[in-house]
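Subject: Structure for your bench notes

Hello,

Here is the structure we talked about. Please look it over before reading on; what I found in it follows below.

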Amino acid sequence: MAPVIVARDLRKRYAGFAPVLRGVNLEVEPGELVAIMGPSGCGKSTMLHVLGMLHAPDSGTVQILGKDVLAMNREETSAFRRDNVGFIMQQSNLFDHSTVFENVEFPLIYKNVPDSQRWPRVIYALELVRLSSRVHYASNRLSGGEQQRVAIARAMVNNPRILMADEPTGALDQNTSRLIMENFRKLCHSGGVALVMVTHDAKMAEYCDSVYTLEEGVLVCQRRQIPEISRTDGVDLLSGPDIRLHTAMVADNFLRPEGVAGRTAAHLLQQKGLLTHVATLSGGTLLGREMESYSLPMPVCHMGGIRATNVMKAWLCGSGAPKKEYAQDAQAVKAILQGACSVRWARAQASELAAWAAREGVQCLYAAAGSQAPAVCWLASKASGIPYGLEVRSTDSWLSRLDKPAVVAGLAVLVRDALFVRCASETVQQRILPVLPAEYASKIRFIPDPVTLMPMDEEVSICQVHEASKLPHILASGALEHRKGYDVLLKALARLVALGREFRCTIAGTGPAAKELKSQAKAMGLLKYVTFAGLVPHANMNSLYMDADVFVAPGVSRQGESADGIPSALAEAMAFFLPVVASDLPDQKWLVGDAGHIVPAGDDAALANVIEPLLDTESEAMKRRTQLGQKAHDRVVSLLGSVGDDLSGLFRPLLK
């Protein structure tokens, strides 16, 4: 296996000073992590700069990837360094007022990478350091550890064969340093990337395969163990997964901030090579502010609003009218579409969707819930011959009209022609099965949403600690709608106040009932105890979960409305080791099981009775809370841990 770096007899001296390098010799193999240690001023950084072609030695030779880099001119050196070497300095050196995306994108601009390729490569680079959720943040809003991880992503975005790191963890806490070093090991050992790192920290050097000390200008090997890797020519870590099926996920509004469940499912399918495109049917703004909630490595196709010029042309021309042989079926599907958009607009979107799918080589359409997406995908499938799958959720407006024969007839047509029907909850599955022909049952599968936010390694220990010195913190999160039952929660909190209990409660989210709930809290004298946090960016929810002591999901069932399904926030809270209290709606009861407390929906007295002992700060009560949180975490992992594989199974008939 040929070394990626071979340095021989490197010597360097600055005028007026003693020699810094006195004959350094070093070989670095593909995938090898090399730590260079020594006291301040011994020449470690100088050596790194010489190996990285930033400084020239006074004498000696440097071969990188088999090339004599000292024989290159300035332009050749610059191009070679840009294409093959990434630098990570002790200071992150980010552009303060630019977004994370803009900071990581910069090397791609310098390399003249086309616009269409930049977004996915930046996302893949950020995923390597688990920061893709911060892609739209201004860099000066990040913590020091996050900024350093962005700098690592920036160094990786050109997929270098070699990384040069000067004290990359010097300003970080131990947990973050450990995470970064674990990431380095994964990158190097799986992708054949070589890392040369200068460090003072012996604990960080332990993560490296080889450790050298620089002593009086001479490199002394303390330990060397060359890793075994499967390739010698490097692996493109930013190329994404191998594509097994070109599927397009089509949603009514893929970019709505609260639509994290659909985007998480999309991410799982994309990682498995089964999803390559996403499309949203709702209108977007000219400035694209709705993209602030988007962090998937696939560009979004807009088929609604001011960006949908082709759809507008099709609408004006009356394109997309169904063929005569399925005109009757189209009339039935119209009942599903009612209220979502006009039939003519849906046909225009279907016409453009079919044309776009053909251009992009899409092999399957996945209608991700709603009323508009299933109808549009069905029409596009009929026009193009591309198979489609269907998703049904408790929030789909047509479910509340399932007692109407026209709606049942429309659903039957959609299910008949679908490759699969995924129900996001058992309740939904149980509602649609009885109204459909028995032969359709094999297509209909209950697959819950994946956990949309999990604690990182360094957050797990924090999640399991409840401080007796702070006020007990009750957390509720979700859309502020009547079916979420937050009015019941406020009544329960008023009961706790009447009992003299001290606590604080955060209700995170926004929605049509926000103003009403705030007025209700004020009338009850709860504003001292309750904070309405508004819409919290999903990437920031981990801070709320880690600070909370109990999570409440007080959903209710109202006549004429679809009951709440499985709230993604409830699953997240359980994943973050929080004790949970949920109402006895069937889907919430299924998720929580015996790993939390279940109370009758709408019963504020029962809710208060269950929450009260969870607010105690005695050691035994806190121990019980910790045990309940561990039980909740274990249950949600066991129930939802295989969702990615289950989703993949839906597409098995199309895989060769």
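Phenylalanine 184 touches Leu33, Ile88, Ile152, Leu163, Pro168 and Leu195, leaving aside residues up to four places away in sequence. This is a predicted model, so please read everything here as computed from it. Phe184 also belongs to the largest nonpolar core, a set of 100 residues, where it is listed with Tyr294, Tyr545 and Phe551 as having the most contacts inside the core. Apart from that core lies another, of 57 residues, which includes Met303, Ala354, Ala418 and Leu436.

Two of the partners of Phe184, Ile88 and Leu163, turn up again in the contacts of alanine 155. Alanine 155 sits in helix 5, residues 144–156. Beyond four places in sequence, Ala155 touches Gly86, Phe87, Ile88, Pro160 and Leu163. Is alanine 155 buried or exposed? Its relative accessible area is 9%, under the 20% cut-off, so Ala155 counts as buried. Cysteine 463 is 308 residues away from alanine 155 along the chain, and their C-alpha atoms are 31 Å apart.

The overall picture

The protein has 23 helices and 23 strands. Its C-alpha atoms fill a box of roughly 90 × 70 × 40 Å along the principal axes. For 656 residues, a compact globule would have a radius of gyration near 26 Å, and the 29 Å of this protein agrees with that. Of the 656 residues, 56% are buried. Among contacts with a separation of 6 or more, 75% are between residues 24 or more positions apart.

The accessible surface comes to about 27,600 Å², and carbon and sulfur atoms hold 50% of it. On the charge side, there are 68 positive and 68 negative charges, and the mean positions of the two sets are 5 Å apart.

Helix 10 and what follows it

Helix 10 spans residues 327–337. Its buried residues are Asp329, Ala330, Ala332, Val333, Ala335, Ile336 and Leu337. What covers them? The cover includes helix 11, helix 12 (372–384) and helix 13 (405–417). Just after helix 10, glycine 339 takes a positive phi of about 90°.

Cysteine 341 comes in the loop between helix 10 and helix 11, the latter running over 343–360. Not counting residues up to four places away in sequence, Cys341 touches Ala346 and Gln372. Serine 282 is 59 residues from cysteine 341 along the chain, with 9.9 Å between the two C-alpha atoms.

Two more loop residues

Arginine 393 lies in the loop between strand 15 (388–392) and helix 13. Buried or exposed? Arginine 393 is buried, because its relative accessible area of 16% is under the 20% cut-off. With residues up to four places away left out, Arg393 touches Ala261, Ala369, Leu399, Arg422, Ala424, Val428 and Asp449. Note that the list includes a charged pair of names, Arg422 and Asp449.

Asparagine 112 is in the loop between helix 3 (100–110) and helix 4 (115–128). Its relative accessibility is 65%, over the 50% cut-off, so asparagine 112 counts as exposed. The C-alpha atom of Asn112 is 25 Å from that of glutamate 292, which is 180 residues away along the chain.

Positive phi outside glycine

Methionine 53 has a phi near 65°, a positive value in a residue other than glycine. This methionine lies in the loop between helix 1 (44–51) and strand 4 (59–64). At 9% relative accessibility, methionine 53 counts as buried.

Phenylalanine 577 likewise has a positive phi, near 65°, and is not a glycine. Where is phenylalanine 577? Its place is in the loop between helix 19 (568–575) and strand 22 (580–583). Phenylalanine 577 is buried too, with a relative accessible area of 6%.

That is what I have for now.

Regards

Key
Residues are numbered from 1 along each chain as its sequence is written. This is a predicted model: local features need pLDDT of at least 70, side-chain atom pairs count only at pLDDT 80 or more; totals for chains, interfaces and linings use all residues. Side-chain values use heavy atoms; hydrogens and water are left out. Helices (H or I, at least four residues) and strands (E, at least two) are DSSP runs, numbered from the N terminus. The radius of gyration is taken over C-alpha atoms; the globule rule is 2.2 Å times the number of residues to the power 0.38. Buried means under 20% relative accessible area, exposed over 50%, partly exposed in between (1.4 Å probe, protein chains only). Contact means heavy atoms within 4.5 Å. Accessible areas come from the Shrake-Rupley method with a 1.4 Å probe; for residues, only the protein chains shown count as cover. Lys and Arg count as positive and Asp and Glu as negative; His and the chain ends are not counted. The place of a charge is taken as NZ of Lys, CZ of Arg, CG of Asp or CD of Glu. A nonpolar core is a set of buried Ala, Val, Leu, Ile, Met, Phe, Trp, Tyr and Cys residues joined through side-chain atoms within 4.5 Å.
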